[in-house]
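Hi,

Here is the structure I said I would pass on. Have a look at it first, and then read on for what turned up.

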Amino acid sequence: MKTIFEKSNGTDGINLTDEKIDLSFLNDNLTRKEAIGLPQIGELEVMRHYKELSDRNFCIEKGFYPLGSCTMKYNPKVNEFLSALEGFGALHPLSDDEDSQGALELMYNLQEALKTVTGMDAVTLQPSAGAHGELTGMMVIKKYFEVKGDNRKKVIIPDSAHGTNPASAKMCGFDIVEIKSNEKGQVDIDALKSVLDKDVAAIMMTNPNTLGIYEENVLEISELMHTNGSLLYYDGANFNAIMGHTNPKLMGFDVVHLNLHKTMATPHGGGGPGAGPVGVVEHLKEFLPTPIIAFDGNKYYRNYDLKHSIGSVKGFYGNFGVLIRAYAYILMMGKNLKNASENAVLNANYLKEKLKGYFDLPYDEPCMHEFVLSGEKQKHESGVSTLNIAKALMDENTHPPTVYFPLIVHEAIMIEPTESETKEKMDEFVDVMIKIAKEAKENPEKIISAPHTTPIKRVDETQAARHPDLKFTE
């Protein structure tokens with residue numbers, strides 16, 4: 001496919017005026033001496049070019065997207081319409097509270113809804129992504145111990161944690177203490193006890209964890225941490241698995257962030273937009289970033305009066321358009337919100353049982369909304385790696401799952417079907433995975449050289465990541 005520059009044929013796509021514009025009022029150093037070099041092509045050809053480019057992109061509306069941990073679920077299009085309503089889309093963030101009652105009411109109601117599903121006592125909507133929520137939560141924990149005059153320096157993180165966990169804690173000045181998982185893929189209690197001392201500020205956990213396995217000893221962990229004067233941080237990346245059936249408060253957590261794109265069907269990826277609200281228990285609510293949205297029984301307002309606030313963490317008040325979408329999703333689902341978790345768990349267990357006879361299953365436990373296979377058998381028997389399997393899936397109108405994560409599983413294949421997918425679509429995926437497993441044994445070279453049908457074939461991924469070619473040069 002030619003680039004837009006290569007298609008340039010000297011045609012003017014649009015002419016704003018026939019008059020020659022007098023630029024003498026500008027300083028000479030502000031005017032261009034040579035042509036800018038933009039492509040010249042007619043409007044219709046421009047539209048065809050970008051339509052062709054869009055057709056090459058893979059998206060959830062085009063095929064199955066079982067991207068483990070990132071929860072690539074379908075985003076209802078009605079939410080896009082609602083977020084674009086003039087009263088929301090044209091509202092300036094500097095508008096006074098009196099002129100923003102509708103938007104403030106929506107945010108207040110969303111805060112209350114998230115308090116209900118998480119069990120937390122207070123919520124901030126400011127953070128602009130899940131990792132930003134993590135950072136905000138760890139800043140709250142840091143400030144809490146500072147105010148107490150207790151200079152704790154360590155944060156415990158299981159080896160199955162998301163990679164952003166240690167990064168968020170480290171950015172707040174904590175030292176990271178990693179603990180190993182046990183034979184069931186859960187936190188090893190003895191390993192936890194061996195590192196737990198009065199210098200530990202918190203433990204960061206995901207439940208279910210990144211293996212898709214529920215931490216059955218979470219209450220014991222909570223008691224151990226609280227007895228030590230430490231806090232528990234809940235990474236809400238996998239909240240989609242438990243929503244409406246239990247909550248972090250019942251498990252003993254003190255701080256939680258949510259990835260709204262994973263649980264409440266909002267857009268993410270490509271650098272944004274995103275949202276990562278943070279909830280806290282009662283004794284931490286004075287540490288939240290300001291402002292929080294409050295209601296005095298008459299009007300909604302932005303409350304800046306929090307005694308120990310960590311301060312603002314986002315310009316204005318977060319990504320409002322994403323918050324609208326999340327609130328709309330919650331309202332549409334209503335009392336059936338927990339069905340999303342039920343179906344996600346059912347779908348994942350269905351796929352796991354169908355595929356475990358063809359790929360290694362390192363932890364053969366009932367899973368929640370996702371599970372992790374291993375391509376170790378294929379690599380050992382025929383030299384077909386997990387990366388090769390991922391590339392082969394691209395030939396089957398299926399986005400590859402997350403691979404090589406979590407790191408505790410060699411040749412990991414992390415699969416999350418989400419609640420959005422039908423049994424028919426999952427059966428198609430099962431058939432494709434079995435087909436690849438058989439070809440890996442009978443004709444491994446076909447899998448190793450995949451993909452064969454995509455616009456761009458196999459590339460040097462290391463060079464592509466380190467030396468991307470981001471511009472066109474003749």
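Below are my notes, going from the sheet to the cores and then to the charged pairs.

One thing before the details: this is a predicted model.

**The main sheet**

Start with the open sheet of seven strands, where the order is 1-7-6-5-4-2-3 and the pairing is mixed. At its edges sit strand 1 (122–124) and strand 3 (175–179), each of which pairs on one side only. From one strand to the next, the twist averages 20°.

If you want to look at one pairing up close, try strand 6 (residues 255–258) and strand 7 (residues 278–280): they run antiparallel and are joined by three bridges. Val255 has Val280 in strand 7 as its bridge partner.

Two helices that pack on this sheet are worth finding in your viewer. Helix 5 (residues 130–148) touches strand 2 (154–158), strand 4 (200–205), strand 5 (231–236), strand 6 and strand 7. The direction of helix 5 makes about 170° with that of strand 5. Helix 8 (residues 218–227) touches strand 4 and strand 5, and its direction makes about 165° with that of strand 4.

**Thr124, on an edge strand**

Which strand holds Thr124? Thr124 is in strand 1, one of the edge strands. Is Thr124 buried or exposed? Its relative accessible area is 0%, so Thr124 is buried. A polar atom of the Thr124 side chain lies 3.2 Å from the backbone nitrogen of Gln126. Beyond four places in sequence, Thr124 is in contact with Pro277, Val278, Leu288, Pro289 and Tyr317. Of these contacts, Val278 belongs to the stretch 278–280 that makes up strand 7.

**Another strand pair**

Further along the chain, strand 10 (residues 371–374) runs antiparallel to strand 12 (residues 412–415), and four bridges join them. Val372 has Met414 in strand 12 as its bridge partner. In a regular strand, side chains alternate between the two faces of the sheet. In strand 10, Phe371 and Leu373 point one way while Val372 and Ser374 point the other way, and all are buried.

On the other side of that pairing, Ala412 is in strand 12. With a relative accessible area of 0%, Ala412 is buried. Leaving out residues up to four places away in sequence, Ala412 touches Val372, Leu373, Thr386, Thr402, Val403, Tyr404, Phe405 and Pro406. Ala412 and Ser385 are 27 residues apart in sequence, and their C-alpha atoms are 9.9 Å apart in space.

**Nonpolar cores**

Nonpolar side chains tend to be buried together in soluble globular proteins. Here the largest nonpolar core has 84 residues, and those with the most contacts inside it are Leu114, Met138, Ile141, Ile221, Met264 and Leu284. Helix 4 (residues 101–118) gives the most to this core, with nine residues. Apart from this core lies another one, of 26 residues, including Ala348, Phe359, Leu393 and Ala450.

Ile221 is a handy place to zoom in on the largest core. Not counting neighbours within four places in sequence, Ile221 is in contact with Val187, Ile189, Leu192, Ile203, Met205 and Leu232.

**Salt bridges**

How many salt bridges are there? The count comes to 26. Side chains of opposite charge can pair when their charged atoms come close. Here are three of the pairs:

- Lys180 and Glu178 meet at 3.4 Å, N to O. Lys180 counts as exposed because its relative accessibility is 52%, the cut-off being over 50%.
- Lys184 and Glu216 have their closest N and O atoms 2.9 Å apart. Lys184 is in the loop between strand 3 and helix 7 (189–195) and Glu216 in the loop between strand 4 and helix 8, so this pair ties together parts that are 32 residues apart in sequence. Both are partly exposed, Lys184 at 26% and Glu216 at 48%.
- Lys356 and Glu353 meet at 3.1 Å, N to O. Lys356 is partly exposed at 32%, and Glu353 is partly exposed at 43%.

The last pair does not stand alone: Lys352, Glu353, Lys356 and Asp364 are linked in a network of salt bridges.

Cheers

Conventions:
Residues numbered from 1 in each chain as written. Predicted model: local features only at pLDDT ≥ 70, side-chain atom pairs only at ≥ 80, totals over all residues. Heavy atoms only, no water. Pairing = 2+ DSSP bridges. Axes fitted to C-alpha atoms, helices over the stretch in contact; angles between N-to-C directions. Contact = heavy atoms within 4.5 Å. Buried < 20%, exposed > 50% of the residue type's maximum accessible area, 1.4 Å probe, protein only. Polar contact = N/O pair within 3.5 Å; in protein donor to acceptor, adjacent residues only side chain to side chain. Core = buried A, V, L, I, M, F, W, Y, C linked by side-chain atoms within 4.5 Å. Salt bridge = Lys/Arg side-chain N within 4 Å of Asp/Glu carboxyl O.
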